[in-house]
Each structure stands twice: as structure tokens, then as C-alpha cells.
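Here is a small set of exercises to work through with the sequence and the coordinates side by side. Try each task yourself before you read its solution.

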Amino acid sequence: MDFATFLKETLTPMGLDWRRFQRRSIQRRVMARIQELHIASFRKYASRVSECPEEKARFRALMSVTISRFFRDSDLFRTLRDQVLPECADRHLPDARLLVWSAGCASGEEPYSLATLWRAYFHMVPIELKILATDIDPHCLRRARLAEYGPSSLKEVSRELVQTHFESRGQKFRIRPEIRQMVEFRAHDLITSDIPGRFDLILCRNIAFTYFLPSWRAEISRKLHSALEPDGFLVIGQNESLPAGSENYFQPRGTYIYRRKG
Ligand SMILES: C[S@@+](CC[C@H](N)C(=O)[O-])C[C@H]1O[C@@H](n2cnc3c(N)ncnc32)[C@H](O)[C@@H]1O
């Protein structure tokens, strides 16, 4: 069995698009695990993954692509600041709560970026912003709760925001407590878990519409629709698009921002 066939057999039942995982770095990780287990082939490892839940979880972690950074795609965060968040806030005034879901939040870079933005530009608005940030990967969630980042994660954060919202810790920077308390982290699988509530804004970037099988993308698009308040906004990744049929649920508002229909 070659690596491509191995990926197809193991990832398809998990709802993942195996073609997205045909990378040398991922192949090296799998080979290292195979050697560690003293297993002779991809075929034997595929059987182990399908028969043993612990190995399946281990394999799922090997496949994890958790790259993220603060203010990834700075144009998007500008649009959120100038258009989307003010519109959401207008609907909620006075004195209420704005609920956001960051689905597939990696190590917290995305939800903390949004919380920082809110704190910096909307602190006069009498609305509380609460962010639920979810991910399937427990290591990511641990790092997210720790909230400590190296300089490479902060490349797109202005010096002023770093000074006001991060505490310097040797070579690292930790998000200040007032930002941390705006975000709740929780384990959640976009494929198998129920929606975790109803939100005014959902960010689901660089996960479902890149790595999931096309058949699952349509299902996720429907799930995200049902997790949005009427007129709520959905944001997907810069290089992603919603699957065919989503036009029944969402109205485009720019390139990768959509508004819930119906
Ligand atoms: C490439 S990162 C994207 C992070 C962030 N949204 C961004 O755009 O920078 C993808 C994240 O999705 C998570 N993920 C993968 N499969 C998932 C699933 N089925 N349910 C929830 N999260 C998942 C991974 O653990 C990873 O942290």
C-alpha cells in the first residue's frame, strides 16, 4: 500500500479530504510513528488505526494542521472592525451581549485577535463581547488557555496592541487577563458534535472548507447556518469558498464574509 492509498483508506471514514494531507511533513510523521510501533507497512498501520481507538486518536493528532497567527489576513480584521462588528453592535444596543464562535481556533490566535480588536476599538460601546473558541485538538486548547506566544505568532500585531494587550515574559508574550477572560475554550468536533449555541458571528477559517470531504462541507455549511442568529455573519478562510447549495442559506457580504439568510 502506498502513502496516498493509506491516506485515502484512513482519512475518508473520518470525513477528511485525503488529498490535502499528501505532504512530505505528514508522511514523515506517519513513518516515524510506524517505526516507533515496529510495524512493517502502511497497510498494517491502517489496520491498527481502524481497530484501536487510542491509535486512531494518535493518528488524528498526527494529521493535525494547527498553523495560525494573530490577525491572520489583516484585511479581514479591518473589515470586521469597520463593518461587521459595528453592524452587530448596532443590533444589540443598548446593554447586551454579542456572542462569537471561533470554530477550529488552533492555539487561540484567532479568538484572542478578535477580543483584542474589540477591547482596543469598541471599549466605549456598552456591549459585552463573549467568544466561544473550540477545537478538536486538546494540545491546542491547552496552549490556548496558557495564552503565551512567541514573536512569530505576533508578526501582524501592531507594536501598540502588543504593548497594551500582552505581557512580556522573557522571549514570549502573554495575553493580558482582561482579554483572556473574554474567551472560553472548549473541545468540539465540527463533524460529530452538536452546535454549541447560537451566535451573532462565526469564524470558521482554514478548516472545514479546506480539509473536509466535499460531502461534509455541505453538512457543515448547514450546521453553521443553524448556529447563527438571524442576520448573523459567517467568516470563512481567504482561499475558501462555501459549497454549492449554500446560496440558499447565506448571502455573500464581500469575498469571504456571508450573512445568514432566512
Ligand atoms: C489550520 S488551523 C486554523 C486555525 C484558525 N482558524 C486560522 O484560520 O488561523 C485548523 C484547526 O482546526 C482544528 N480542527 C481540525 N479538525 C477539526 C474538527 N473536526 N473539528 C474542530 N476543529 C478541527 C485543528 O486542530 C486546527 O487547530
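**Exercise 1. Strand 8 and its neighbours**

How many bridges join strand 7 to strand 8, and do the two strands run parallel or antiparallel? Then look at how strand 10 pairs with strand 8. Keep in mind that you are working with a predicted model.

*Solution.*

Step 1. Between strand 7 and strand 8 there are five bridges, and the two strands run parallel. To find the register, start from Cys204, which stands opposite Ile236 in strand 8.

Step 2. Now turn to strand 10, residues 257-260. Three bridges connect strand 10 with strand 8, this time in the antiparallel sense. A pair to look up here is Leu234 and its bridge partner in strand 10, Tyr258.

Step 3. Strand 8 is thus parallel to strand 7 and antiparallel to strand 10.

**Exercise 2. Positive phi angles**

Asn206 and Asp231 are worth a look at the backbone level. Find the phi of Asn206 and of Asp231, then decide for each residue whether it is buried or partly exposed.

*Solution.*

Step 1. Start from the general expectation: most residues other than glycine have a negative phi.

Step 2. Asn206 is not a glycine, yet its phi is positive, at about 60 degrees. Asn206 sits in the loop between strand 7 (199-204) and helix 10 (208-211). With 21 other C-beta atoms within 10 Å, Asn206 is buried; the cut-off for that is 20 or more.

Step 3. Asp231 has a positive phi too, of about 70 degrees, and is not a glycine either. Its setting is strand 8, residues 228-236. Here the count is 13 other C-beta atoms within 10 Å, so Asp231 is partly exposed.

**Exercise 3. Ser107 and its surroundings**

Place Ser107 in the secondary structure, then list the residues it touches beyond its sequence neighbours.

*Solution.*

Step 1. Ser107 belongs to the loop that links strand 1 (96-103) to helix 6 (109-121).

Step 2. Count the other C-beta atoms within 10 Å of Ser107: there are 26, so the residue is buried.

Step 3. Leaving out residues up to four places away in sequence, the contacts of Ser107 are Thr66, Ser68, Cys140, Arg143 and Ala144. Ser68 turns up again among the residues that come nearest to the ligand, together with Gly104, Asp137, Leu190 and Arg205. The ligand has 22 residues around it, divided into nine nonpolar, seven polar and six charged.

Step 4. For a distance check, take Ser107 and Asp135: 28 residues separate them in sequence, while their C-alpha atoms are 8.7 Å apart.

Step 5. Go back to strand 1, the strand before this loop. Six of its eight residues are buried, so strand 1 is largely enclosed by the rest of the structure. Strand 1 pairs in parallel with strand 2 (residues 127-135) over eight bridges, and Ala96 stands opposite Ile127 in strand 2.

**Exercise 4. Buried faces of two helices**

Which residues of helix 1 are buried, and which of helix 3? For each helix, work out how the buried residues are arranged around the axis.

*Solution.*

Step 1. In helix 1 the buried residues are Phe6, Leu7, Thr10 and Leu11. Looking down the axis, they fall within an arc of 100 degrees, so they line one face of helix 1. Helix 3 and helix 4 are among the elements that cover them.

Step 2. In helix 3 (residues 42-51), Phe42, Tyr45 and Val49 are buried. Their arc around the axis is only 60 degrees, which puts them on the same side of helix 3. Their cover includes helix 1 (3-11), helix 2 (24-36) and helix 4 (53-62).

**Exercise 5. An open sheet**

What is the strand order of the open sheet of three strands, and which strands form its edges?

*Solution.*

Step 1. The order is 3-5-4, and the pairing is antiparallel.

Step 2. Strand 3 (148-149) and strand 4 (166-169) are the edge strands, each pairing on one side only.

Step 3. Two bridges hold strand 3 to strand 5 (residues 172-175); Tyr149 has Phe173 in strand 5 as its bridge partner.

Notes
Residues numbered from 1 in each chain as written. Predicted model: local features only at pLDDT ≥ 70, side-chain atom pairs only at ≥ 80, totals over all residues. Near = placed C-beta within 6 Å. Nonpolar A, V, L, I, M, F, W, Y, C, P; charged D, E, K, R; others polar. Buried ≥ 20, exposed ≤ 12 C-beta atoms within 10 Å, placed from the backbone. Helix = DSSP H or I, 4+ residues; strand = E, 2+ residues; numbered from the N terminus. Arc of directions from axis to C-beta. Contact = placed C-beta atoms within 7 Å. Pairing = 2+ DSSP bridges.
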